[in-house]
Amino acid sequence: MQAIRGTKDIISPEIYTWQYIEHIISILTNQFGYSEIRTPIFESIDVFKRTIGENTDVVGKEMYTFPDKGGDILTLRPEATASVVRAAVQHNITAQQQLSRVWYNGPFFRYERPQKGRQRQFHQFGAELLCAASVEADIEIISLAYTFLQKLGISNSVLSINTLATPQVRSIYRSVLLDYFQSNINTLSEDSQKRLVLNPLRILDSKNLDDKLIAANAPKLLDYLDDESTIHFDKVCEYLTRLNIPFIQQSTLVRGLDYYSHTVFEFTSNALGSQDALGGGGRYNDLFEQFGGKNTPSIGFAFGIERLIIAMNAHGFSPDTINPDYYIIGFESNDARSKAIQTAHMIRNTTNYIVITDVQNRSLKAQMKDADKHNAQFAIIIGPEEADKSECIVKNLKEGTQQNFPLDTFLSSLK
RNA sequence: GCGAGUGUAGCUCAGUGGUAGAGCAGCGGUUUGUGGUUCCGCUGGCCGUGGGUUCAAUUCCCAUCAUUCGCCCCA
C-alpha cells in the first residue's frame, strides 16, 4: 500500500518547514488584522462550477467530483475563493457593506498529472479582503502577499501585474482578439486553436514559440480600457512604486479562473521549473452576485505551500531544530532507571523544558551517544551509585563539565 | 489526456545473463560507569510488481504500478 498518486506524507524533517511557514502565516495575518476562516473540504459542485468557469481546465477536467450516498453531487474544493464567498453570503458576513479580512490555509484537490510543484492534493495559504473596491484594498492584499514572501526569505521572486478590466471591456477586447487570431489561425499551435474557441485571452500566455510571435503583435487590452479601469490600474501601479514593491506590468498575464476582473497579479520564481507561479490572485467584483449576494467587490490571493518550500530550499532554508534541554540517563539497575524516568516526569510536569529519555534499556554509552545525537544541552546521569544516594550527575554536554547534585536539589533548582 | 527518463539495503547510488556491492545512517566494540574524532566489526536487499525469452534473469523483451521532468493547466 502506498499513498495514492499525487498525494504525499509530510514527515520529519520536512514537517518542520511546514510548521515554520504556518508560524509565519500566524504572525503575518495578525499583523494585517486578518482572521482565519475554515470552510469545508467538500462542497456542492455548484459552488465551483459556474463561478470558476465551465470552460476552465479546473472545472472541465480537474475536479474531484462524486455523488454521495444521498445522491448529492459533491466536489473536493479545487480552490478557496468560491467557498469563502459562499460562506460570506451564507452568514451575511458582508451585510451592510461590512468589510471583512480573512485568511485560510489547507488542502485542495485537482486531478492533474503530477510534476515538480504540482500535486493532486496540494496546500494553499490565501487571504481575501471582502467588500472593498478601493485601490488601497488592492495594495493591502499585494503588500500582504509580498511581505509574506519576504518573511520566508524568498527574495528573488518576480511580481507581475495586469488588469483584466471590467467584464464589458473584456468582452469587447475578446472579440477584437478573436478577429486578430482568426486571421492568423493557420500559424497558431494546435493547442491555441482550441483556446481560440474556449478562451482566446489565454493564447497571449502561450509558451509555444509561434504563438508568442503572433501574440506579440496582438491588440493590447490596455488600448481598450475604459476610464474606470485605467484609473484604477494606474493608481495601483503608482502605489506599488511608492511602497517600493518591485513589479512588472505584464499585459499577457491572464489568470485561469473566470471570476477575475481589474487587478490580477502573480508571483513567480525561477526555482520552480515549469510550474513557476508561487502564487497569485486578483480582484473579483462580481462573484458575490453569483451566490445570490449583493454586489461586493473583493480581492484576494493564494500561495502554493509546496511551491514555497521548493523556493525556500533553493534559497538554502533549513528549519531550526528543537534541541532537548535535558537528556535523562538511567542505566544498569532498575532503581537507577526508575529514578531517571521519575526525574523526567517531574521536570516535564513542573516546567516547559524539553526532556528526552531512553526507553530501550540501553547502556550508558549508548545513551550518551543518543544524547549527543539529539544535541541535548545537559545529560542527567543516574547510575546505581547515584540512585543509592538519590543523586544525579549533571553534565554540560557543550562544555564537557559535570557535577553531582542531590536529586531534590537539582529538581528544585529548575523552578 | 500526450511525450521522455527512472525504479537495486533506512538514504544517495554502483553493478553483472549464473540469485549482489560502496558511501552515509543504524547497532556493537576499541580492557569492562560517560558523547561528539579515529580504528575495527556487525545488522540490513523476493535488485517495484506480473508475465515472456533462456539451462539460467536483478541484468534482455512486454505489460502494469509508482516516481521524475516536460506538454497542457495552475498554486
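Which residue in S13 is the bridge partner of Tyr 327? It is Ile 356. I will start from that pair and work outwards. Please keep in mind that this is a predicted model.

Tyr 327 belongs to strand S12, which covers residues 326-330. S12 and strand S13, residues 355-357, pair in the parallel sense, and there are 3 bridges between them. To get from S12 to S13 the chain passes through helix H12, residues 334-350, and this β-α-β crossover is right-handed.

S12 also pairs with strand S14, residues 378-382. That pairing is parallel too, over 5 bridges. Within S14, Phe 378 is the bridge partner of Tyr 326.

Now, is S12 buried or exposed? Buried means under 20% relative accessible area. By that cut-off 5 of the 5 residues of S12 are buried, so the strand is largely enclosed by the rest of the structure. As a general point, side chains in a regular strand alternate between the two faces of the sheet. In S12, one side carries Tyr 326, Ile 328 and Gly 330, and the other carries Tyr 327 and Ile 329. Both faces are covered.

Next, a piece of the surface. Ile 354 sits in the loop between H12 and S13. Its relative accessibility is 32%, so Ile 354 counts as partly exposed. Together with Tyr 16 and Ile 322, Ile 354 makes a nonpolar surface patch of about 280 Å².

On to two other sheets. One is an open sheet of 3 strands in the order S2-S4-S3, with antiparallel pairing. Its edge strands are S2, residues 42-44, and S3, residues 65-67, and each of these pairs on one side only. From one strand to the next, the twist averages 35 degrees. S2 and S4, residues 73-76, are joined by 3 bridges, and Glu 43 has Thr 75 as its bridge partner in S4.

The other is an open sheet of 8 strands, ordered S1-S5-S6-S11-S10-S9-S7-S8, and its pairing is mixed. Here the edge strands are S1, residues 35-36, and S8, residues 248-249. S8 pairs with S7, residues 158-163, in the parallel sense over 2 bridges. Gln 249 in S8 is the bridge partner of Ile 161.

Last topic: salt bridges. In general, side chains of opposite charge can pair when their charged atoms come close. The count for this model is 15 salt bridges.

Glu 43, which we met in S2, forms one of them with Arg 86, and the closest N and O atoms are 2.5 Å apart. Arg 86 is in helix H4, residues 81-90, so the pair links distant parts of the chain, 43 residues apart. Glu 43 and Arg 86 are both buried.

A second salt bridge joins Glu 266 and Arg 255, with 3.3 Å between the closest N and O atoms. Glu 266 is in strand S9, residues 261-268, and Arg 255 is in the loop between S8 and S9, so the pair ties together parts 11 residues apart in sequence. Glu 266 is buried, at a relative accessible area of 17%. Arg 255 also counts as buried, at 17%.

A third is Arg 362 with Asp 358, where the closest N and O atoms are 3.1 Å apart. Arg 362 is partly exposed at 26% relative accessible area, whereas Asp 358 is buried at 10%. Through shared partners, salt bridges join Asp 358, Arg 362, Asp 370 and Lys 373 into one network.

Notes: Residues are numbered from 1 along each chain as its sequence is written. Chains are lettered from A and ligands numbered from 1 in the order in which they are written. This is a predicted model: local features need pLDDT of at least 70, side-chain atom pairs count only at pLDDT 80 or more; totals for chains, interfaces and linings use all residues. Side-chain values use heavy atoms; hydrogens and water are left out. Buried means under 20% relative accessible area, exposed over 50%, partly exposed in between (1.4 Å probe, protein chains only). Helices (H or I, at least four residues) and strands (E, at least two) are DSSP runs, numbered from the N terminus. Two strands pair if DSSP finds at least two bridges between them. A crossover is right-handed if, with the strands pointing away from the viewer, the path from the first strand over the helix to the second runs clockwise. Patches are made of residues with over 30% relative accessible area and no salt bridge: like charges are joined within 9 Å, nonpolar side chains (Val, Leu, Ile, Met, Phe, Trp, Tyr) within 5 Å. Accessible areas come from the Shrake-Rupley method with a 1.4 Å probe; for residues, only the protein chains shown count as cover. A salt bridge is a side-chain nitrogen of Lys or Arg within 4 Å of a carboxyl oxygen of Asp or Glu. Axes are lines fitted to C-alpha atoms, for helices over the stretch in contact, and angles run from 0 to 180 degrees between N-to-C directions.
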